[in-house]
Amino acid sequence: MALTLYVDTARWRAHHKHVQEQFPGLVPVCKGNGYGFGHERLAEEATRLGSDVLAVGTTYEAARIKDCFGGDLLVLTPYRRGEEPVPLPDRVIRSVSSIDGVYGLVGARVVIEVMSSMKRHGISEQDLPQLHAAIENVRLEGFAIHLPLDRTDGSDAVEEVIGWMDRLRAARLPLHTMFVSHLKADELARLQQQFPQTRFRARIGTRLWLGDHDATEYRGAVLDVTRVTKGERFGYRQQKAASDGFLVVVAGGTSHGVGLEAPKALHGVMPRAKGVARAGLATVNRNLAPFVWGDKQRWFAEPPHMQVSILFVPSDAPEPKVGDELVAHLRHTTTQFDRILDR
């Protein structure tokens, strides 16, 4: 009995090919929990795509995945002096976002990140005059720019990249390769047309692995079902059942990421109103579970346990049976499955 990730493999891989066709020179990204699939599985899929470079989040991820992928590994987290040294092969490329970082990687293969409107990290325009001397002792693989997802000010992502291309060109820095993130296919094509001497390589994770929502599905197996009557006490905290119904124990708890949620940026009145409503219900221990039964998303009977969750299903709904599986709407990047099944 498990929390299972089901994958429609043919459909999932067809989506990968479609994205690859839209973004020539695509660099797949495999970081965190491997977007819910695991590092080993995504390394295998990147190899299947014929990728020559796979981007990972940290040096620790690079160390874990190096034996699963034979091409180059691009570490996205920028190098900092004093970081813990991790033994890595020469095919690992380090990202750098400061002049000091470039000087600290003598002889290494590096990609230099420029500061975008994200304001996360990157070298500034004022740093460019110092880069000429700094890059003499490294093997420069290219520059990179990480762009925001939303542009509420109406600005143009392509124009932001062009601005940096012009600055780098004016500083007479090599522009053979530019790694980009969060561009649309037509935006990438516009850039490639305007700068034919530069190879633009899109680093893509979410759109590649999770872009076809119907290709994957989480399901939690029902482990136990107990009938309860209104007012009957149950659970760790001995709460009272609000009405007659069933306590359904389903595979999937906090160790799987059930009940954990990344903060969301809310836009518009309705999403904000729903957020306020959910917060109000939570104060009286009413929390909606990600599990669906009888075409409805059900409520947690109490906060999820480490490996299981207990749901309350009212008596007017069909009675779940041990061995049934409940669809679970879970965020891939925060979920750890028990098993993955291709179908």
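Two residues are in contact when heavy atoms of theirs lie within 4.5 Å. Keep that in mind for the exercises below, and remember that this is a predicted model.

**Exercise 1. Get a feel for the whole chain: what share of its contacts join residues at least 24 apart in sequence?**

Step 1: Start with the pool, which is contacts between residues at least 6 apart in sequence.
Step 2: Of these, 67% join residues at least 24 apart.
Step 3: Put that next to the build of the chain, with nine helices and 18 strands. The C-alpha trace spans about 75 × 45 × 40 Å along its principal axes.
Step 4: Now the surface. Of the 343 residues, 47% count as buried. The chain exposes about 17,400 Å², and carbon and sulfur atoms supply 51% of that.
Step 5: Finish with charge: there are 43 positive and 41 negative charges, and their mean positions are 3 Å apart.

**Exercise 2. Find the largest nonpolar core. Which residues have the most contacts inside it, and which helix gives the most to it?**

Step 1: This core has 91 residues, and the ones with the most contacts inside it are Phe37, Ile112, Leu131, Phe143 and Phe200.
Step 2: Helix α6 (residues 157-170) gives the most, with seven residues.
Step 3: A second core, of nine residues, lies apart from it; Phe234, Val249, Ala301 and Ile310 are among its members.
Step 4: Zoom in on Ile112. Setting aside neighbours within four places in sequence, its contacts include Val96, Val102, Ile123 and Ala144. Leu131 and Phe143 are also on Ile112's contact list, and both were named in Step 1.
Step 5: As background, nonpolar side chains in soluble globular proteins tend to be buried together.

**Exercise 3. Trace strand β15: which strands does β15 pair with, and in what sense?**

Step 1: On one side, β15 (residues 296-300) pairs with β14 (residues 288-293) over three bridges, antiparallel. Look for Trp293 opposite Lys296.
Step 2: Check the link: β14 and β15 make a hairpin with two residues between them, and Gly294 in the turn has a positive phi of about 60°.
Step 3: β15 also runs antiparallel to β16 (residues 308-314), joined by two bridges. Here Trp299 has Phe312 as its bridge partner.

**Exercise 4. Locate Arg120: which residues does Arg120 touch, not counting those up to four places away in sequence?**

Step 1: Go to the loop between β6 (109-114) and α5 (128-134), where Arg120 is found.
Step 2: With those close neighbours left out, Arg120 touches Met115 and His146.
Step 3: Try a distance too: Arg120 and Ser97 are 23 residues apart along the chain, and their C-alpha atoms are separated by 9.9 Å.

Methods:
Residues are numbered from 1 along each chain as its sequence is written. This is a predicted model: local features need pLDDT of at least 70, side-chain atom pairs count only at pLDDT 80 or more; totals for chains, interfaces and linings use all residues. Side-chain values use heavy atoms; hydrogens and water are left out. Helices (H or I, at least four residues) and strands (E, at least two) are DSSP runs, numbered from the N terminus. Buried means under 20% relative accessible area, exposed over 50%, partly exposed in between (1.4 Å probe, protein chains only). Accessible areas come from the Shrake-Rupley method with a 1.4 Å probe; for residues, only the protein chains shown count as cover. Lys and Arg count as positive and Asp and Glu as negative; His and the chain ends are not counted. The place of a charge is taken as NZ of Lys, CZ of Arg, CG of Asp or CD of Glu. A nonpolar core is a set of buried Ala, Val, Leu, Ile, Met, Phe, Trp, Tyr and Cys residues joined through side-chain atoms within 4.5 Å. Two strands pair if DSSP finds at least two bridges between them.
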